[in-house]
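Student: I'd like to learn how to read a model like this one, feature by feature. Could you walk me through it?

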Amino acid sequence: MDNVRKIDPVVPNRELIEEASRIINGGGTVAFPTETVYGLGANALDDEACKKIYEVKGRQQDNPIIVHINDFEQLESVTQGLSGKMREKFERVWPGPLTVVLKKRNIGLVPTAGLETVAVRMPAHRVPQELIRRSGKPIAAPSANKSGRPSPVYASEVLEDLGQKVDLILDGGASSFGVESTVMMFKGDEIVILRPGAFSAEDIKKIFELRVTISGDTPETPVSPGMKYRHYAPEKELFLARSEEKAIEACREGNVLFIGSSELADKVGTESVVLGSRKDLYNVARNLFPSFRKLDRSRYSAGIIESFEEKGIGLAIMNRIAKATGGREVK
Ligand code: TXA
Ligand code: MG
């Protein structure tokens with residue numbers, strides 16, 4: 001466990017930030033907490049360092065990485081910038097769990113997988129903020145899981161997936177959202193959400209005052225390269241139950257683990273992983289990825305997961321469930 005260090009998420013220890021910054025500037029990798037999930041970071045301006053991210057995660061080379069920044073000056077340094085009006089909007093949403101794809105500038109082929117664009121976000125977590133500030137570098141960071149596994153919400157999950165292949169893992173406790181950032185791009189006068197996430201589509205619409213479409217809604221919308229891979233998936237089989245009745249029946253018939261709300265867990269009569277109340281979807285989101293890992297560690301060969309309302313963060317929850325089940329449902 002020699003590469004794991006506990007760090008205060010509110011007032012990050014200076015020496016630790018110093019040590020992590022040295023690693024970043026020396027071309028190494030550091031895993032750190034963010035408000036969404038843990039990230040696996042390297043200097044975004046160093047292609048060789050970014051290559052290590054792909055190696056450590058076992059990530060496909062054609063899947064670009066989000067670049068984390070700390071201010072608008074840095075945004076200008078890695079992108080072709082935003083119009084004045086749009087910048088005002090981003091001043092309202094950042095720092096936070098929203099990523100935007102823009103035309104790139106001064107940034108290598110590796111983190112962007114050779115695209116003309118770069119995905120950027122300003123995280124609302126003191127640890128990456130201090131790390132970017134101290135190292136003076138934008139930090140490229142995908143989620144810190146082994147490729148294809150659920151994103152890590154805890155440092156212990158980073159260790160479980162990546163072990164000693166990372167130079168340093170900063171353990172700042174649980175990530176507060178538990179699902180990744182929302183990835184959006186501008187297309188003409190519209191916003192396309194390439195990946196639903198912690199920042200709700202409703203809030204994007206309200207703040208940007210533009211038409212918002214979710215990628216996949218129409219055949220011609222561009223798809224984020226990462227969305228084509230099997231993702232967030234447990235190793236065991238997982239099935240979605242669209243109604244209470246279906247969940248109860250599937251749990252009665254099979255030797256399965258139930259994953260769902262406290263409301264339904266009381267009714268299914270089988271061992272359950274409770275995600276939280278249906279009335280608090282933020283809590284459900286936080287417990288979702290860890291529940292997939294629990295299923296894998298359990299004695300069951302399959303799981304049944306309940307369906308949630310696709311409102312607010314519920315859209316991201318249902319998107320991740322669809323990825324994890326591979327579209328399988330109980331009849
Ligand atoms: O919350 C998050 O976004 C976390 C934390 C660490 O910031 N990061 C994260 O990164 O989830 P990752 O690499 O697991 O997912 C990034 C997504 C992928 O689906 C990728 O294809 C997409 O963003 N993406 C990155 N650059 C892109 C680009 N230039 N154009 C379109 N999609 C892009
Ligand atoms: Mg990921």
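Student: How many strands form the open sheet, and in what order?

Tutor: Strands are DSSP runs of E with at least two residues, helices are runs of H or I with at least four, and both are numbered from the N terminus. Two strands pair if DSSP finds at least two bridges between them. Here 11 strands make up an open sheet, ordered S1-S8-S2-S3-S7-S4-S6-S5-S9-S10-S11, with mixed pairing. Strand S1 (4-6) and S11 sit at the edges, each pairing on one side only. For a single pairing, take S2 (residues 30-32) and S3 (residues 39-43): they run antiparallel over three bridges, and Ala31 is opposite Leu40 in S3.

Student: What should I know about the model before going further?

Tutor: It's a predicted model, where local features need pLDDT of at least 70, side-chain atom pairs count only at pLDDT 80 or more, and totals for chains, interfaces and linings use all residues. Residues are numbered from 1 along each chain as its sequence is written, chains are lettered from A and ligands numbered from 1 in the order in which they are written, and side-chain values use heavy atoms, leaving out hydrogens and water.

Student: What pLDDT does the protein chain average, and where is the pLDDT below 50?

Tutor: pLDDT is the predictor's confidence in each residue, from 0 to 100. The protein chain averages 94, and 95% of the residues score at least 70. Residues 218-222 fall below 50; beyond near neighbours in sequence, that stretch has 10 contacts in the model (a contact means heavy atoms within 4.5 Å). Where pLDDT is low, the predicted coordinates shouldn't be read in detail.

Student: Now the aromatics. Which residues form the aromatic cluster?

Tutor: A ring pair is described by the distance of the centres and the angle of the planes. Rings of Phe, Tyr and Trp (its six-membered ring) pair if their centres lie within 6.5 Å; planes under 30 degrees apart are stacked, over 60 edge-to-face, and the rest tilted. That rule gives seven aromatic pairs. Phe72 and Trp94 have ring centres 6.0 Å apart and planes at 40°, so they're tilted. They link distant parts of the chain, 22 residues apart: Phe72 is in helix H3 (residues 72-78), Trp94 in the loop between helix H4 (84-93) and strand S5 (98-103). Phe90 and Phe186 are edge-to-face, at 6.5 Å centre to centre and 80° between the planes. One aromatic cluster takes in Phe72, Phe90, Trp94, Phe186 and Phe208.

Student: Are those rings buried or exposed?

Tutor: Buried means under 20% relative accessible area, exposed over 50%, and partly exposed in between (1.4 Å probe, protein chains only). Phe72 at 11% is buried, as is Trp94 at 5%. Phe90 is buried at 0%, while Phe186 is partly exposed at 23%.

Student: What about the backbone: which peptide bond is cis, and where is phi positive?

Tutor: Most residues other than glycine have a negative phi, and most peptide bonds are trans. Trp94 and Pro95 are joined by a cis bond, omega about -5°. Asn106 has a positive phi near 50° and is exposed, with a relative accessible area of 61%. Ala113 also has a positive phi, near 50°; this residue lies in the loop between S5 and S6.
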